[in-house]
Amino acid sequence: MKQDMIAIIDLGSDKNVELAREIRQNGVYSEIYCHDVEIGKLKQMPSLKGIILNGGKNNILDGIEVDVHKEIY
């Protein structure tokens, strides 16, 4: 049986690594993904139990605010 997992999607935060560490300290595995991760990749993870959208001050890329694909919402 695989361990439950939380996906952290980076929307410009500089605290992603700290957040992942805190989640892991509570006994839940976590991975950090770029804002443009495909919904299909997330759906293929049978142990995925939740998604955290983690935004911050670095959320502008080439003059455009980064966001996830609409299907993720």
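**Exercise 1. How many helices and strands does the protein have, and in what pattern do they follow one another?**

Step 1. Count the elements: there are two helices and five strands. Here helices (H or I, at least four residues) and strands (E, at least two) are DSSP runs, numbered from the N terminus.

Step 2. Walk along the sequence, and the pattern reads β-α-β-α-β-β-β.

Step 3. Keep the ground rules in mind. The model is predicted, so local features need pLDDT of at least 70 and side-chain atom pairs count only at pLDDT 80 or more, while totals for chains, interfaces and linings use all residues. Residues are numbered from 1 along each chain as its sequence is written, and side-chain values use heavy atoms, with hydrogens and water left out.

Step 4. Add the overall picture: the C-alpha atoms fill a box of roughly 45 × 25 × 15 Å along the principal axes. Of the contacts with a separation of 6 or more, 75% join residues 24 or more positions apart; a contact means heavy atoms within 4.5 Å.

**Exercise 2. Find the largest nonpolar core. Which strand gives the largest share of it?**

Step 1. Learn the term: a nonpolar core is a set of buried Ala, Val, Leu, Ile, Met, Phe, Trp, Tyr and Cys residues joined through side-chain atoms within 4.5 Å. Buried means under 20% relative accessible area, exposed means over 50%, and partly exposed lies in between (1.4 Å probe, protein chains only).

Step 2. List the members: Met-5, Ala-7, Ile-9, Leu-11, Tyr-33, Val-37, Leu-42, Met-45, Leu-48, Val-66, Val-68 and Ile-72, which are 12 residues in all.

Step 3. Look for the main contributor: strand β1 (residues 5-11) supplies four residues, the largest share.

Step 4. Zoom in on one member. Leaving out residues up to four places away in sequence, Tyr-33 touches Met-5, Ala-7, Ile-8, Ile-9, Asp-10, Lys-41 and Met-45.

Step 5. Set this beside a general tendency: in soluble globular proteins, nonpolar side chains tend to be buried together.

**Exercise 3. Which residues of α1 are buried, and what do they pack against?**

Step 1. Pick out the buried residues of α1: Asn-16, Ala-20 and Ile-23.

Step 2. Check their directions. They cover an arc of only 60° around the axis, so they sit on the same side of α1; the arc is that of the directions from the helix axis to the C-beta atoms.

Step 3. Turn to the other side of α1, where Val-17 and Gln-25 are exposed.

Step 4. Name the partners: the buried residues of α1 pack against β1, β2 (29-34) and β3.

Step 5. Follow the chain onward to Gly-27, which comes after α1 and has a positive phi, near 85°.

**Exercise 4. Is Ile-6 buried or exposed, and which residues is it in contact with?**

Step 1. Locate Ile-6 in strand β1.

Step 2. Compare its relative accessible area with the cut-off: at 17%, Ile-6 is buried.

Step 3. Look beyond its neighbours within four places in sequence. Ile-6 is in contact with Ile-23, Val-28, Tyr-29, Ser-30, Glu-31, Leu-48, Lys-49, Gly-50 and Ile-52.

Step 4. Take Tyr-29 from that list: Ile-6 and Tyr-29 are 23 residues apart along the chain, with their C-alpha atoms separated by 6.4 Å.

**Exercise 5. Where do the two residues of the salt bridge lie?**

Step 1. Apply the rule: a salt bridge is a side-chain nitrogen of Lys or Arg within 4 Å of a carboxyl oxygen of Asp or Glu. Searching the whole structure turns up one.

Step 2. Identify the pair, Lys-57 and Asp-14, at 3.9 Å from N to O.

Step 3. Place both partners. Lys-57 is in the loop between β3 (48-55) and β4 (60-61) and Asp-14 in the loop between β1 and α1 (16-25), so the pair ties together parts that are 43 residues apart in sequence.

Step 4. Check accessibility: Lys-57 is exposed at 68%, whereas Asp-14 is partly exposed at 45%.

**Exercise 6. What does His-35 touch, and how far is it from Tyr-73?**

Step 1. Find His-35 in the loop between β2 and α2 (39-43); with 16% relative accessibility, His-35 counts as buried.

Step 2. Not counting residues up to four places away in sequence, His-35 touches Ile-9, Asp-10, Leu-11, Leu-61, Val-66, Asp-67, Val-68 and His-69.

Step 3. From His-35 to Tyr-73, the C-alpha distance is 12 Å, across 38 residues of sequence. Tyr-73 itself lies in the segment after β5 (64-65) and is exposed, at 61% relative accessibility.
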